Amino acid sequence: IGIVSGGFFYKRLKDFIFPFTYEEERQIGFAGEGKGPIFDTFDVIQPLNGESADLYGFEVAFQNQFTFLPKPLDGLGVYANYTYVNSEATLPGGRTAELPGQAQNVANVSVSYERFGFSGRLSLHYRDLYLSEVSDDPLEDIFVDGHSQLDFTMSQRITKNVRVFAEFLNLTNEPFRAYQGIATRPVQEEYYRWWATFGIKLDW
């Protein structure tokens, strides 16, 4: 069984919502008699409506079970897809930028094996960087960096109605990283180890 698919698309959005960040000065106290008030600057995040956005791109996918291979390799299969999106959004004030929250490249590749009641899948997921928060100064925009993650899932049928399963996620310990304006100005970095779940599934 094999599938090859592809397609082109175009979308136009109006009044989309995006997070906008700006600085606001607020009084926090007084310096003392005759010295006047003390002010501090805070970052404020406010949802706003953009004017319009245009998106176009293409997507391709491939899936195949290698049943033509000799046993036990006939249980192997592969699945892959890739999406490319080019976007341009018009923000309040006439500024143009890529659509917030939209990555340009997204891809998934997985290799599976199903035989003797066993089912397993090793998957690689990739997402390109994307604009997360918009500021009044483009150099202050927040971007979420690209992310690659390797996962493995498996299950084994014990009886007709009982199956044990396990999931191992983020095997490559990929971090979450966001930066301001340029990649050398990180504002947030979070590091995670891989994690797993185990269980028994009953089918009636």
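Colleague: Which strands each supply at least two residues of the lining of the second largest pocket?

Modeller: Keep in mind that this is a predicted model. The second largest pocket holds about 160 Å³ of space, and 15 residues line it. The strands that each give at least two of those residues are β4 (52-65), β5 (76-90), β7 (105-115) and β8 (118-127).

Colleague: And which strand gives the most to that lining?

Modeller: Let's start at the middle of the second largest pocket: the lining residues closest to its centre are V78, Y79, S110, S112 and R121. Now look at S110 and S112, whose numbers fall inside the 105-115 stretch of β7. With 5 residues in the lining, the top contributor is β7.

Colleague: What class of residue, nonpolar, polar or charged, has the highest count in the lining of the second largest pocket?

Modeller: Just go through the classes. There are 4 nonpolar residues and 2 charged ones in this lining. The remaining class has 9, and that class is polar.

Colleague: Okay, over to the largest pocket. Which strand supplies the largest share of its lining?

Modeller: The largest pocket has a volume of about 180 Å³. Two strands, β2 (17-30) and β9 (130-135), each bring at least two residues to its lining. T21, Y22 and E23 are among the lining residues, and the largest share, 3 residues, comes from β2.

Colleague: How many charged residues are in the lining of the largest pocket?

Modeller: Check the names: D43, E133, D136, D137 and E140 are in the lining, along with E23. The lining also has 2 nonpolar and 3 polar residues. For charged residues, the count is 6.

How values were computed:
Residues numbered from 1 in each chain as written. Predicted model: local features only at pLDDT ≥ 70, side-chain atom pairs only at ≥ 80, totals over all residues. Heavy atoms only, no water. 1 Å grid on protein atoms, 1.4 Å probe; cavity = no way out; pocket = protein on both sides within 12 Å on 5 of 7 lines; lining within 4 Å. Points joined across faces, edges and corners; volume = space filled by probe spheres on them. Helix = DSSP H or I, 4+ residues; strand = E, 2+ residues; numbered from the N terminus. Nonpolar A, V, L, I, M, F, W, Y, C, P; charged D, E, K, R; others polar.
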